[in-house]
Structure formats: structure tokens, C-alpha cells
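Q: I should like to take a close look at one part of this structure. Please consider the model below before the discussion begins.

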Amino acid sequence: MKSRLFHGMRILCVASILGLGVGVRAKDDPRPQATGTNLPPCCRRAEAVAKPTDRSLYQLESEWTSDVGKKVRLGVFHGRPLVLVLFFTQCEYACPVLVSDLKRLQEALPGELRGAVDFALVSLDTARDTPEVLARYRAEHGLGTDHWSLLTGKADDVRELAALLGVNYRRDQRGQFSHSNVFTVLDAEGEVIQQTVGLNQDPRDAVRALSKARRDGKRTGP
Amino acid sequence: MNPARNRLPVACRTLLVAVALWHGSVGALDSAGVPAFPDLAVIPAGVHRPLFRTPDEPKEIPVAAFQLEISPVTQGQFLEFVRANPRWRRSNAKRLFADEGYLGDWSGDLDLGPDATARAARPVTRVSWFAAKAYASWKGRRLPTTSEWELASAAGFARADGAAEPEFRSAVRRWYGTPASEVLAPVRSGRANLHGVHDLHGLVWEWTSDFNSALVTGDARGDTGIERMLFCGAGSQGATDRGDFPAFMRSGLRSSLKASYVLPNLGFRCALDLPRPSVSSPSR
């Protein structure tokens, strides 16, 4: 009976390392750049004052450090839809694909929506992905500060965030992390509303979820 | 949302055949002579052989000596915790951190029910991973890692390697083959293992800190495209010991869990690092 559970468990190696396109479309962003600085979304404003809803990830009290060095809580993302992914910079297999999937998603967003959605990459590799390493990754992969935040945190806090996102992971001998390939759409309140599981998936469902989040956010949000 | 969930009750046969009361050397000194709290036992350093691994992963994971509670956390103990931490009371707990049904067998926020005295001695169940983690840190402790838990549970009644002890092996198999009964036995009804730890097998499933490190889906039915796309990593993996059915069950359960789940036969116990550096001991 249980054998079904174990049938076909394999961890797959998606070894295609895609070259990543560059060029985040800052020019398409209709939103005025906050305070004219180059700070990423995580680090522009003070934390949301609104009380998080019961299913909001923004209840988490854990503290994260951005690649620009600022310490923030996830609540800073309150008010706008967010696409969240766990990754690590030295990933040889799937993360480059995941990140390019996110860029594809960003490009698939209709104009108005594109300026309204933020992306956050949170590192699993708490030991090696220092803010400096993340900053380098941002530069290398052309992740503009207009919409992309890169965060690193404490191992326990990553484990907790992963648990909330349903992401399983473990570190192997060579320091690679085997992990679920999932990206998650959070609405303006920080509730999980959609997850795309697997690499190279059609971004349509995520786009639809983000549009809805945008509409709902407009009704209630800031 | 997760189809694996419907199958959980089947997956979760806990076992209840408790062998007669038998107390081992509970809370004894470890080989290094470090005194433990009476409710903790020292688990000597050892290795855990993961059931599944990728070629990149070691066959054996070294586990440092640590302390483990000799029995699962009881409802009575958990009641103290929610008394002191109102946010973890049944009516206050946020859905993100505990599914509906959290402490669902209690009569109220601070009320175990009519048979409160009996219940107080039974293991607390219907607690999410977040709740278990919060309890542990309130106690100044932590949840054991899966490797630590598996290492502790591998010890037999009389030998460090339970697999080499026929009596232990058959007791464990019997336990895992017996459906869970409605009413859980009080903790420590089961025979202690070599280290003085009770109920690792035979009472409830237990949360571990890194239960979500298993890269096995709870709902794998074959090599569908999506399964292959699920995980990053390398190569296929094979089981280490195909004969260790209970280990398959634990691994299967863990991989099907989500951190907010609450189940009628899933509880937890806490662990604690050994005090360090230990008092100058001749053995080190």
C-alpha cells in the first residue's frame, strides 16, 4: 500500500543551465520611483502597520537582510502582490531556470500589472549567500532594483518560511541544496494564492493570480 | 489542495501495543559524565543512515551526542504552555500556523475535558509543527532533527543497534503493524530503549525540526512529468534498507506533512544540545 508513496520518487536533475536574459523593464514601470533612490522594494518603506490577516505570511517575525544590507521583515512587502521563490546563488541546476522562469513571468505580465508586482528571491544558503554575494548575483543576472528584492536570513527562519511555502530542501555533501522548484504568488495581504510547481511551466496561472491580487489589492489595499 | 492529505489516516497507523512498564536507567549520566535533566536522556553520538539519498549525499550522517526528552510531550505539559502563551490557545492560534482541528480533542482553550487527569498523561497530538516548535523554544529546547530522532529510535532495548536485536525488531514491527486505537496510552507505557527513552515507537508519530527535508513527494504515483520537475538535485535515489518498513512509514509520513497540519496521532518531543564544553571528562 505504501509502496505507491515511494514509487517514482526521484530527484531530478535538471541540468540545463540556461543563459539568462538581461534587461528588466524598468522603463515600463508606470509607478514613480520611490524617493528616487535605487533601493529594491524590500527596503523602500517602513514596515506595514496594518495587522496581518490570519493566513498572511507577513505575520512572521523573522528578520531578513537584503542585498543592500538593510534588515527587514517580510511585512515590508505588504500592499502589493509578490512573487516569492527560495533559491541559492551557487545552484548549478534548477535555480537559474527558476530565475529565468520568473523573468519570463514578469515579461508575460500585461503592462499595468508589470509595474505593480514585486519579486523576492530568498536564499536557502544562509552560510554562503551574504548580502555581498546576493548583490553580485543581482548584478550578474540583471535583476533591477525596481522590482526585485534579494534576501538572506537565519537557517531556522528559512526552514520556517520553507515550511509555510511547502518547499522541501536539504543540503548535500557538495553544498548544493536539493529543493522543491516552486514559486509562490502572495496577494497584497501576504496570503499564498497560487503556486507554480516545476520548471519551465506556463506562467498563465501565475499571471491570472497576480491580476486578481492586483484587483483585490486595489479594493482594499493602500 | 493536497490529495496526499486524504490518505493520511491510512498512512498513519500508529500502534499501541504497549509492553509492560519497564523503566530503564532514565536520566542517567552519559559516557562523558554529563548530568542530564531528569526528563532528558543523553543520546551518544552516532550515525544515521538516511533511507533515501542522492548520489551526492553521504551514506551516513554523523550525529553529535545530544539530549532527548524521554517521552513525548503530554497534554498536561502542553496545557501549561498554552496557559503561558495565549497566542497558542486553540481559539487564538492563527490558521497559517495551525490548521483547524488544532487541539481539537480538548474541551476548551484551557480545558482538557472530563477525563482531564487521564488526558494530562497522554501525549499531546493535533499540534502543528509551528506549535511544537513554539513549545520547544518556550522550554529553552528545540525539536530534534530527523537524523537525531532516527538515531535515538534505532537503539534497541539492550543494544545500541536495535536492528541486531531480534526482540526489539519484532516489537517494533508489531507496533507499526497495529492500527492506532482511539484512546492513546499514557506516555512511558512503552518499554524504554537502551538510552532510557520511551515511546519512540509505539505511541504517536513525532514532528522533527527538518521534517521538510525529505525530497520525496507525498503523492508520487509514478514518473509523471510534473514529478520530474518538482525537485532540484541530482540523479535518482534508492533506499538504503528496503527491509526497514517502519522507516519507510516514517519517511512517507514526514514527506506528506505540511507544517500547519494537525493529526490525531502526531505529537512531538524536544531535544537539547549537550552542555558545551563539557566538564573535563576522562573519556574525551
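Which residues in H5(A) meet which residues in H4(B)?

A: In this predicted model, Arg159(A), Glu160(A), Ala163(A) and Leu164(A) are the residues of H5(A) that take part, and they meet Trp129(B), Phe130(B) and Lys133(B) of H4(B). Sorted by class, this contact comprises 4 nonpolar, no polar and 3 charged residues. Helix H5 of chain A covers residues 155-165, and helix H4 of chain B covers residues 129-138. Their axes come within 11 Å and cross at roughly 160°. Since angles over 145 degrees count as roughly antiparallel, H5(A) and H4(B) are therefore roughly antiparallel to each other.

Two of the contact residues may be followed further. The first is Arg159(A), which lies over the face of Tyr169(A), 4.0 Å from the ring centre. Across all chains, the count of aromatic pairs is 19. In one of them, the ring centres of Tyr169(A) and Phe177(A) are 6.3 Å apart and the planes stand at 45°, so this pair is tilted. Tyr169(A) and Phe177(A) are both buried.

The second is Phe130(B), which forms an edge-to-face aromatic pair with Phe97(B), with 5.0 Å from centre to centre and 75° between the planes. This pair links distant parts of the chain, 33 residues apart: Phe97(B) belongs to the loop between helix H2 (75-84) and helix H3 (116-120) of chain B, whereas Phe130(B) belongs to helix H4 of chain B. Both Phe97(B) and Phe130(B) are buried.

How values were computed: Residues numbered from 1 in each chain as written. Chains lettered and ligands numbered in written order. Predicted model: local features only at pLDDT ≥ 70, side-chain atom pairs only at ≥ 80, totals over all residues. Heavy atoms only, no water. Axes fitted to C-alpha atoms, helices over the stretch in contact; angles between N-to-C directions. Helix = DSSP H or I, 4+ residues; strand = E, 2+ residues; numbered from the N terminus. Parallel < 35°, antiparallel > 145°, perpendicular 65-115°, else oblique. Contact = heavy atoms within 4.5 Å. Nonpolar A, V, L, I, M, F, W, Y, C, P; charged D, E, K, R; others polar. Phe/Tyr/Trp six-rings, centres within 6.5 Å; stacked < 30°, edge-to-face > 60°. Buried < 20%, exposed > 50% of the residue type's maximum accessible area, 1.4 Å probe, protein only. Lys NZ or Arg CZ within 6 Å of the ring centre and 35° of its normal.
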